[in-house]
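Q: Please give a close account of a single part, the largest nonpolar core. Which residues form this core, and what may be said of the rest of the protein around it?

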Amino acid sequence: MNCFNHSDTTSVAMCQGCQKGLCTTCASYYQSPICNTCFGSLKKESRKEIIKELVTVAFLGVVMMFFGTGLLTQEKLKDLIFYANVTSEQSFSIACAYAAVATVVGWKALNRLTDNYFLSLSIIGWAFYVFIKLYASFFVGVFYTPFWIIIKVRKLYKIWRMGT
């Protein structure tokens, strides 16, 4: 089999995406043997997935910012603002948005750590597991969210730089 790009050169590897033959030069462009077409579609798919995650989390934060405080009565809102130790309704809205985002990011982080073993629990055990995981997700997410955002933005930047 010869290289897909250089028909006069014998292939030494196959593209991991489409199984086309690649010569030594073509196989060494990227970390793993992959052709330019497959690399472009892999890069496009990665960028799309990262943007989807960031937009979903941002949308959830905005929803919580506007509707989370809007559903409360003025008296309840003042009580929560007092207990949350914030100075204004806007600060409380931002805190609600960050709490929602942090919980989602924390849940995703904990998903990488937990096994599927918990899915075989009884209904009561599963409900208890979800409650504990939701609670833990908030606390993990509060600290991990800034790092998660930085990691996602850095990945987007690396993908953008690969295209130039």
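A: The largest nonpolar core has 11 residues, namely Cys 3, Ala 13, Cys 15, Leu 22, Cys 23, Cys 26, Ala 27, Ile 34, Cys 35, Cys 38 and Phe 39. A nonpolar core here is a set of buried Ala, Val, Leu, Ile, Met, Phe, Trp, Tyr and Cys residues joined through side-chain atoms within 4.5 Å; buried means under 20% relative accessible area, exposed over 50%, and partly exposed in between (1.4 Å probe, protein chains only). Two or more residues of this core come from each of helix H1 (24-27) and helix H2 (36-70). Helices (H or I, at least four residues) and strands (E, at least two) are DSSP runs numbered from the N terminus.

The model is predicted, so local features need pLDDT of at least 70 and side-chain atom pairs count only at pLDDT 80 or more, while totals for chains, interfaces and linings use all residues. Residues are numbered from 1 along each chain as its sequence is written, and side-chain values use heavy atoms, with hydrogens and water left out.

Within the core, Cys 15 may be taken as an example. Apart from its neighbours within four places in sequence, Cys 15 is in contact (heavy atoms within 4.5 Å) with Lys 20, Leu 22, Pro 33, Ile 34, Cys 35 and Cys 38. Leu 22, Ile 34, Cys 35 and Cys 38 are themselves listed among the core residues. One of the contacts of Cys 15, Lys 20, also places its charged end over the ring of Phe 4, 4.0 Å from the ring centre. For a charge to sit over a ring, NZ of Lys or CZ of Arg must be within 6 Å of the ring centre and within 35 degrees of the ring normal. Lys 133 is placed likewise over the ring of Trp 107, 4.3 Å from its centre.

Helix H2, which contributes to the core, also carries Glu 53, which takes part in a salt bridge with Lys 108, the closest N and O atoms being 3.2 Å apart. A salt bridge requires a side-chain nitrogen of Lys or Arg within 4 Å of a carboxyl oxygen of Asp or Glu. Because Glu 53 lies in helix H2 and Lys 108 in helix H4 (residues 89-111), the pair ties together parts that are 55 residues apart in sequence. Glu 53 is buried at 16% relative accessible area, whereas Lys 108 is partly exposed at 31%. Glu 53 also meets Lys 152 in a salt bridge of 2.8 Å, N to O. This second pair links helix H2 with helix H5 (residues 123-163), where Lys 152 lies, across 99 residues. Lys 152 is buried, with a relative accessible area of 11%. Through shared partners, Glu 53, Lys 108 and Lys 152 join into one network, and the whole structure holds two salt bridges.

As for the wider setting, the protein has five helices and two strands, running β-β-α-α-α-α-α from the N terminus. Of its 164 residues, 25% count as buried. Among contacts with a separation of 6 or more, 45% come from residues 24 or more positions apart. The exposed area is about 11,700 Å², of which carbon and sulfur atoms supply 66%; such areas come from the Shrake-Rupley method with a 1.4 Å probe, and for residues only the protein chains shown count as cover.
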